[in-house]
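Student: Can we go through this protein together? I'd like to start with the overall picture and then look at details.

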Amino acid sequence: MGDQPRLHRRTVLAGGALAMAASALAACSAGARTPDRPAAPDPTQGLPDIQFDVARYSAPEQTSPTGGPFVMPPVHTVYLTAALSRGPGLDDQRELARVLAALESRYPFGAAGLMTFVSYGLPYFRRLPGGLAGDLVGAHLPRLLADPSRSVLEEAEPGPTDIHPDNPGVAKRRFTVPVRIEQNDLLFTFRSDRATVIQDVLAWFDGSGTLAGRPTPPPAFAGLLTVTSSRHMFTQAGLPRSVAEQNRLPYARFIQPDSPMWMGFSDQQSNASGPPAICTFAGHPSARLTTAHPGDYLDTGGIQHLSHVILDMLQFYDMASPDTPPSDNGNFTKRVQYMFHAPPVHPGNADQLTDGGGPSFLPADNRGPDYAERTARGVGLPRGERRMGHLSTLQRSSRAADGTPMHLRVDGPGFDALDVPDGSSQPKLHFSVFVPTADFFARMRRSQASVDLARKHRVTEQDNGLERFLTCTRRQNFLIPPRRHRAFPLAELAGG
C-alpha cells in the first residue's frame with residue numbers, strides 16, 4: 001500500500017529549506033509501503049546512551065537469498081541542517097530538550113514511529129565560551145590517541161575525486177559541481193517508515209502547533225535557529241525502480257526491481273557495519289582511537305559525516321545519451337565489479353541489462369586490506385586487466401585489526417534537484433556514516449578513492465570502482481553526543 005503524504009500548507013509556504021524535503025517526501029513515497037515490523041522495545045525502559053544504537057528499534061536481521069543477513073532500515077529519512085545566530089544558553093538547552101522529548105512522547109521511538117538523532121558541527125563549538133581553544137571545549141572534547149594535538153572533530157576535507165581546487169584535473173562527465181565544505185551548527189536526522197510522520201515533524205518545526213494530531217507548542221528558539229537545508233532519503237526494496245518508472249527515467253528498466261539502491265544491489269549492512277560502540281569515542285574491545293574513557297562527558301559520542309552526492313546513472317549504464325543503448329561496459333558483470341570486487345562475484349543473467357541483469361543480493365565478503373592492491377596489479381584477473389572494486393578499496397582501512405568494521409552507515413537514495421546545475425531532479429546518494437573520529441573517515445575516504453593505487457599500478461578511471469559516477473557537492477563532519485547530552489552539549493557548563 002502506498003504512503004503518499006499530504007503536504008501541510010505551512011511547510012509549502014515556508015519555501016526553500018523545509019519545502020525541499022517535504023516535496024521530495026511527496027514525490028518519492030507514492031510507491032512506498034509501510035513495513036509490518038515486530039514491536040520495538042518499550043522506550044520508557046530507557047533508550048541507549050549511544051544515539052545511533054538503534055538496531056533493536058528496527059526489524060531484526062533477516063536472511064537474504066544468498067544466505068547472508070541484511071537489515072531493513074526505516075523507509076524515510078530527512079536530514080535537516082541548521083545554523084545558529086548566537087551561542088546557546090541554558091534556556092535554549094531546556095527548549096531543545098523539550099522539543100526532543102515532545103517528539104518522543106508523541107511518536108514511539110523506532111522505525112515504525114520516529115527516531116531522532118542530533119549532531120553538532122565545528123561552528124557550534126566555536127560559539128561556546130573560549131571557542132575551540134578554550135578551557136570548556138578543551139576539557140571535554142576527546143583527542144586522537146595517535147596524535148593528542150588533534151581533536152576527534154575536524155573539518156571535513158574534499159575527497160580525492162571531488163571537484164575542488166585541491167584536485168586539479170578531476171572532472172565529471174555530466175555534473176560539474178565543486179564540493180562545498182558546509183558550516184552548519186546542527187544536524188537533525190529524522191527516520192520513520194511513514195512519510196506522513198516526518199511530514200508532520202517538518203510542519204511542526206514550521207510552527208503548525210500540532211504533533212501527531214495533538215496540540216503541542218512548536219519549537220520556540222527566539223530567532224536562534226535557522227534551517228539551512230532539508231534532504232529526503234528513501235530506503236526500501238524496489239523503491240528506486242518505482243521512482244524511476246514514475247519519472248520515466250531512460251534507464252528505468254535496467255534498475256534491479258528488488259534493490260533498495262539506485263545502482264541495483266542490496267546493501268547487507270549487518271555484516272559490513274560495526275557494532276555501535278566501536279564508532280564511539282570510548283571505543284570497543286576491538287579498537288579505541290581516542291583519549292575518551294567511560295564516564296567522560298562525551299564518552300558514547302562519535303562523529304557523523306554527512307555528504308550529498310549526485311549519481312550519474314547514464315554513465316553507470318554507459319549510455320552516451322538518454323536515447324542511446326548501453327554499451328558492454330554497462331553490463332552486469334562490469335557493474336558488479338565496480339561495486340564489489342574483481343573478478344566478478346556473479347556472472348549475471350543471459351540478458352545483462354533488463355531488471356539489473358542479475359541478482360540484487362550478493363555476498364559482501366571481507367577480502368582484507370590488501371585485496372584492492374592485488375587486483376590493481378592484475379593478480380587474479382585476465383591478462384592485461386587491472387581493476388579495483390568499491391568494496392575492495394573501502395576495506396583497505398575500514399576495519400580494526402581483528403576485522404571488525406569501524407563504521408555504521410546511514411545512507412540511501414534520494415531524488416531531487418538540490419545542487420543539480422540545470423535544476424532537474426536526479427538520483428542522489430545521501431551518505432551519512434558514524435565513525436570514531438573525523439580523521440578515521442578522511443582516511444577511509446582516501447582509501448575508497450584509491451587514487452594512490454590507480455597511479456601506482458596504472459589503473460584507468462574506467463576500472464576504479466564507482467568514483468567516476470559520483471559527484472559530491474556537500475560535505476560536513478558533526479559530533480553526535482551521548483543521548484544524555486544531546487541538547488546543546490556543554491551549554492549547562494558555560495555559565496550565563
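Tutor: What follows goes from the whole chain to its cavity, a pocket and some single residues. This is a predicted model, in which local features need pLDDT of at least 70, side-chain atom pairs count only at pLDDT 80 or more, and totals for chains, interfaces and linings use all residues. Residues are numbered from 1 along each chain as its sequence is written, and side-chain values use heavy atoms, with hydrogens and water left out.

Student: How many helices and strands are there in the protein chain?

Tutor: The chain has 13 helices and 14 strands. Both are DSSP runs numbered from the N terminus: helices are H or I with at least four residues, strands are E with at least two.

Student: What radius of gyration does the protein chain have?

Tutor: The radius of gyration is 22 Å, which agrees with the value near 23 Å for a compact globule of 496 residues. That radius is taken over C-alpha atoms, and the globule rule is 2.2 Å times the number of residues to the power 0.38. The C-alpha atoms fill a box of roughly 70 × 50 × 45 Å along the principal axes.

Student: And how much of the chain is buried?

Tutor: Buried residues make up 59% of the 496 residues. Buried means under 20% relative accessible area, exposed means over 50%, and partly exposed is in between, using a 1.4 Å probe and protein chains only.

Student: Which contacts join residues at least 24 apart, and what share is that?

Tutor: Take the contacts between residues at least 6 apart in sequence: 75% of them join residues at least 24 apart. Contact means heavy atoms within 4.5 Å.

Student: New topic. How many cavities of 30 Å³ or more does the structure hold?

Tutor: The structure holds one, with a volume of about 770 Å³. On a 1 Å grid over the protein atoms alone, a cavity is a set of points where a 1.4 Å probe fits but cannot get out; a pocket is an open set with protein on both sides within 12 Å along at least five of seven lines; lining residues have an atom within 4 Å of a point. Grid points are joined across faces, edges and corners, and a volume is the space filled by probe spheres set on the points.

Student: What lines the largest cavity?

Tutor: There are 41 lining residues, and His390, Arg409, Asp411, Leu429 and Leu466 lie nearest the centre. The elements that give two or more residues to this lining are strands S10 (302–311), S13 (426–435) and S14 (470–480), and helices H11 (390–394) and H12 (438–449). By class, the lining has 20 nonpolar, eleven polar and ten charged residues. Here Ala, Val, Leu, Ile, Met, Phe, Trp, Tyr, Cys and Pro count as nonpolar, Asp, Glu, Lys and Arg as charged, and the others, Gly among them, as polar.

Student: Which residues lie nearest the centre of the second largest pocket?

Tutor: They are Pro160, Thr161, Val170, Val451 and Glu461, out of 18 lining residues. The volume of this pocket is about 350 Å³. Helix H13 (residues 451–457) gives the most to the lining, with three residues.

Student: Back to S13. Is Ser432 buried or exposed?

Tutor: Ser432, which is found in strand S13, counts as buried because its relative accessibility is 0%. Leaving out residues up to four places away in sequence, Ser432 touches Tyr79, Gln304, His305, Leu306, Arg409, Val410 and Asp411.

Student: What about Asn329, where does that lie?

Tutor: Asn329 lies in the loop between helix H8 (313–316) and helix H9 (332–339). At 26% relative accessibility, Asn329 counts as partly exposed. Beyond neighbours within four places in sequence, Asn329 is in contact with Asp318, Lys334, Tyr338 and Gln462.

Student: How many residues of helix H6 are buried?

Tutor: Ten of the eleven residues of H6 (195–205) are buried, including Trp204 and Phe205. Just after H6, Gly207 takes a positive phi of about 100 degrees.

Student: Which peptide bond is cis?

Tutor: The bond from Ala342 to Pro343 is cis, with omega near -5 degrees. Pro343 is in the loop between H9 and helix H10 (371–376).

Student: Last one: what is the phi of Phe488?

Tutor: Phe488 has a positive phi of about 45 degrees although it is not a glycine. Phe488 is found in the segment after S14, and is buried with a relative accessible area of 0%. Leu490 also has a positive phi, about 75 degrees, and counts as buried at 2% relative accessibility.
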